[in-house]
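Notebook open, structure loaded. I want to look at a pocket, a pair of helices and a couple of threonines.

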Amino acid sequence: MTNRYILMLTLLVTGNLIGAGILGMPITTGLAGFWPSMLMMVLFALGMLFSAVVLANEANTTQNDTFNYPSLYQKYLGTSGKWVATIANLIILYGLLTGYLAGGSQIIVNIVGIPTEFQPLVLLTLFALLTLLSISGMSVIQKYNTVLMLSLWTAFFVLIFVGFEKVESAKYAYTDWGYLPMAIPMIVTGFHFHNIIPSLCKDSKWSKDIWKPIAIGMGIGFAMNTIWMLVAIGVVPTFGEISLNEARVSGIPITVEMSQILHSQIFSIIGMIFAIIAITTSYVANGMGLKDFTEDFLKNSLNIENKWIILAVAFIPPLILSLLFADIFLEAINIAGGIGIVLLFGILPSIIFYKKTSSKFGKIISIISLIAFSVALIIVTLQTFHILHIEPHM
């Protein structure tokens, strides 16, 4: 694989990492504390890198243009593995789309100054536009992908530049180790790009060096997430009327709180542009994946081929959830990351590697990864069903 291809695939990985997860990560990591969260970021970034390499090796071994994860897990774990993967994938896709709709409409309403009673109308308009793009297919997105990515990166660095002026380093001293588990879903979501791994392998012509763009891309993503956390946590107070905790309670993206604190029209405008582009690209990518997944499932399992039923099953549930729960942004991303992503791209790849490797060191690594992701799954599941209540300490 040439350096040009490595660069191209690296940018593709990094572009997928800069998504809506970055809008929520500083909230939960800031409430846990910057330094504890950095420790957790290192652990789970390595875990997500490990699982990405495992899945890339599987895709390269298969060299199948129609490679999909439910079939992979059925191969190693039987029918139960296939259905676990199917359910996990639905949790990820439905959760992310719900979060994008709720978060996107909140950003527009708050930044533009639209009365909150009109948020459902804003949400419906956003849903119509994003879903139409998703249905249109890759050709429309690829036509404008370069412009979108350049705009996203430019907006990101402008936000960093403007925000650094108001950073207070004293805020990094705050720690709440008890709340740290609640930062895991956002951290995992911030390092999630695994749905495109089969495409990456195919584009690399099944190269054994596919780990290079994956590792480099995730390294760049780690640096960008760290810088963004430094700025956001350094600017927004932990508690108060405008704070990280208020963003958590209200379920709003971090750029809304930062705009209110910085009183910068440039930041507000660029922040909205960044958030909308990140949400658009993420929604369309996951929306196309959900549509294809739903179509495949309904046709092969229930013999349903009506395109309107397929589209309704794919897109109506996220719309209903986001309309019913206007502040569901953080909760939806938490469920998608802490349950869906952790299960599909954390626990299951660890089991596969443990079953395949004959190396003692490899088995130890897979066990460590399995335990870390399993603990995260248990905690988030208990929190989601209100069996466990973890709140930040003032």
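Entry 1, the pocket. A reminder to myself before I start: this is a predicted model. I went to the second largest pocket and looked up the make-up of its lining by class: seven nonpolar, seven polar and four charged residues. That lining has 18 residues in total. Which of them lie nearest the centre of the pocket? I noted Met182, Arg248, Glu331, Asn334 and Gln383. For the space inside, I have about 470 Å³. I also checked which helices supply at least two lining residues each, and wrote down α10 (244–250), α14 (329–356) and α15 (360–384).

Entry 2, helix α11. Next I turned to α11, which runs over residues 254–262. Is this helix enclosed or not? I count it as largely enclosed by the rest of the structure, because seven of its nine residues are buried. My list of the buried ones reads Ile254, Thr255, Val256, Glu257, Met258, Ser259 and Leu262. Just past the end of α11, I found His263 with a positive phi of about 50°.

Entry 3, α11 against α12. How do the axes of α11 and α12 cross? At roughly 170°, and they come within 9 Å of each other; α12 covers residues 265–302. The cut-off for roughly antiparallel is over 145 degrees, so I put α11 down as roughly antiparallel to α12. From the α11 side, I see Thr255, Met258, Ser259 and Leu262 in the contact. From α12, they are met by Phe267, Ser268, Gly271 and Ala275. By class, I get four nonpolar, four polar and no charged residues at this contact.

Entry 4, the threonines of α2. Thr28 is in helix α2, and Thr29 also lies in α2, which spans residues 21–32. Buried or exposed? Thr29 has 0% relative accessibility, so I log it as buried. Thr28 comes out at 3%, and because buried means under 20%, it goes down as buried too.

I then listed their contacts, leaving out residues up to four places away in sequence. Thr28 touches Tyr179, Met182, Ala183 and Met186. Thr29 touches Phe34, Ser37, Ala183, Ile187, Met229 and Ile233. Ala183 turns up for Thr28 and again for Thr29. Met182, a contact of Thr28, is also one of the residues nearest the centre of the pocket from my opening entry.

Last lookup: how far is Thr29 from Ser151 in space? I have 26 Å from C-alpha to C-alpha, with their positions 122 residues apart in sequence.

Note on methods:
Residues numbered from 1 in each chain as written. Predicted model: local features only at pLDDT ≥ 70, side-chain atom pairs only at ≥ 80, totals over all residues. Heavy atoms only, no water. 1 Å grid on protein atoms, 1.4 Å probe; cavity = no way out; pocket = protein on both sides within 12 Å on 5 of 7 lines; lining within 4 Å. Points joined across faces, edges and corners; volume = space filled by probe spheres on them. Nonpolar A, V, L, I, M, F, W, Y, C, P; charged D, E, K, R; others polar. Buried < 20%, exposed > 50% of the residue type's maximum accessible area, 1.4 Å probe, protein only. Contact = heavy atoms within 4.5 Å. Axes fitted to C-alpha atoms, helices over the stretch in contact; angles between N-to-C directions. Parallel < 35°, antiparallel > 145°, perpendicular 65-115°, else oblique.
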